[in-house]
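Good morning, colleagues. Please have the sequence and the model open while I take you through it.

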Amino acid sequence: MASWFYASEGKQQGPYPEGQFRDLIAQGIVRSETLVWTEGMAGWQKAAEIPGLISAGGMPPIIQAGGPPMMGGAGYAASGSAAGGSLSVDFGIWDFTWRTLVMAIGSCFVIPAPWLFVWYTKWLVPCVKVPGRPNLSFTGSAMAIVPWFFGFIVLAIVIGYVGSQLLSNLLFIAQLVLYWLLIKWMIANLASNGQPLGLSFTGSVWAYIGWNLLFAISVITIIGWAWVAAAQTRWFCRSIEGTRREIVFKGSGLEILWRGIVAAILCSLIIPIPWVYRWIMNWFASQIELAPRGSL
């Protein structure tokens, strides 16, 4: 069932299931001039501009699973692209190289790290092409993660000074928790055409810690890490909510394994690293598909 958003006083409200959204229209909360958005639309539009939304007794148009309403407005994505498809990544090698070097060198000075990370993410996210989601962007601010980052640095310094092995192990868990918070924050700040996508990461912190510990243990088996990585990626994709389509990872452990081996060999030569990175990212993106819910 479709989820709807509407704008009120410059703020995004939602998501609301169709039934609840119908009530908002009937109550006059959502009016003809209200900006609304749902899965498959390229951008926000006035409710009156969407055929069948305000008219026909205030009932939203029926949306077929896997695609947006069949509308002629130029502001909407074509129904075919919105129905699903694979992601892709496209960026220039030299653009990637100098930005990565700036971030790596700048992060060595510690203090600039949060700002460099956001700067790098704001460049990288638009390079990802998502069916039905034009002009993907990242809207997060570095100041949101500054307390996490410097709090962890202070904690690491204190634990290093104390020299406790138990506290060092707890520091590793704290680091995983911060990565989990970072993932939730990043996904919540994805936007399309300047409008928030309304996505959220619902995977629990304990599941995230468990997957990472399992991956660390699987490295001992030499090859088992690839199958753990594939399973973890599928869990990660399933844990992203706020979209009417299912996010599915199709890659297998064997495919990850042989690509990982090739990447390790090529990266040992240093120079091919940017090309290898783009190759790996393109493959992972191609294995992530948007499919109608219930179609798998």
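I shall speak about confidence, then two sheets, then a helix and a single loop residue.

This is a predicted model, so let me begin with its reliability, as where pLDDT is low the predicted coordinates should not be read in detail. The mean pLDDT of the chain is 85, and 87% of its residues reach 70 or more. The stretch to treat with care is residues 56-83, where the pLDDT is below 50. That stretch nevertheless has 67 contacts in the model beyond near neighbours in sequence.

Let me turn to the sheets. In one open sheet, three strands follow the order β5-β14-β13 with antiparallel pairing. Its edge strands are β5, residues 85-86, and β13, residues 245-249, each of which pairs on one side only. Between β13 and β14, the latter covering residues 288-292, there are five bridges in the antiparallel sense. Within that pairing, Glu246 is found opposite Ala291 of β14.

Which helices lie across these strands? Helix α9, residues 224-238, lies across β13 and β14, and runs at about 170 degrees to β13. Helix α11 lies across β5, β13 and β14, at about 15 degrees to β14.

The other sheet to mention is also open, with three strands in the order β8-β9-β10 and antiparallel pairing. Here β8 (136-138) and β10 (195-196) have a single partner strand each, so one side of each is left without a neighbour in the sheet. Strand β9, residues 190-192, is joined to β10 by two antiparallel bridges, and Ser192 has Gln195 in β10 as its bridge partner.

Next, helix α4, which comprises the 15 residues 93-107. Does its length fit, or fail to fit, the helical rise? At 1.5 Å a residue it should span 21 Å, and its end C-alpha atoms are 21 Å apart, so the two values agree. Ile93, Phe96, Thr97, Arg99 and Gly106 are buried in α4. The buried residues of this helix pack against α5 (113-124) and α11 (273-286).

I close with Gln287, which sits in the loop between α11 and β14. Is Gln287 buried or exposed? Its relative accessible area is 15%, and the cut-off for buried is under 20%, so Gln287 counts as buried. Its side chain reaches the backbone nitrogen of Gly251 at 3.5 Å. Leaving aside residues up to four places away in sequence, Gln287 touches Val248, Phe249, Lys250, Gly251 and Glu255.

Technical notes
Residues are numbered from 1 along each chain as its sequence is written. This is a predicted model: local features need pLDDT of at least 70, side-chain atom pairs count only at pLDDT 80 or more; totals for chains, interfaces and linings use all residues. Side-chain values use heavy atoms; hydrogens and water are left out. Helices (H or I, at least four residues) and strands (E, at least two) are DSSP runs, numbered from the N terminus. The expected span of a helix is 1.5 Å times one less than its number of residues. Buried means under 20% relative accessible area, exposed over 50%, partly exposed in between (1.4 Å probe, protein chains only). Contact means heavy atoms within 4.5 Å. Two strands pair if DSSP finds at least two bridges between them. Axes are lines fitted to C-alpha atoms, for helices over the stretch in contact, and angles run from 0 to 180 degrees between N-to-C directions. pLDDT is the predictor's confidence in each residue, from 0 to 100. A polar contact is a pair of N or O atoms within 3.5 Å; within protein, one must be able to donate a hydrogen and the other to accept it, and residues adjacent in sequence count only if both atoms are side-chain atoms.
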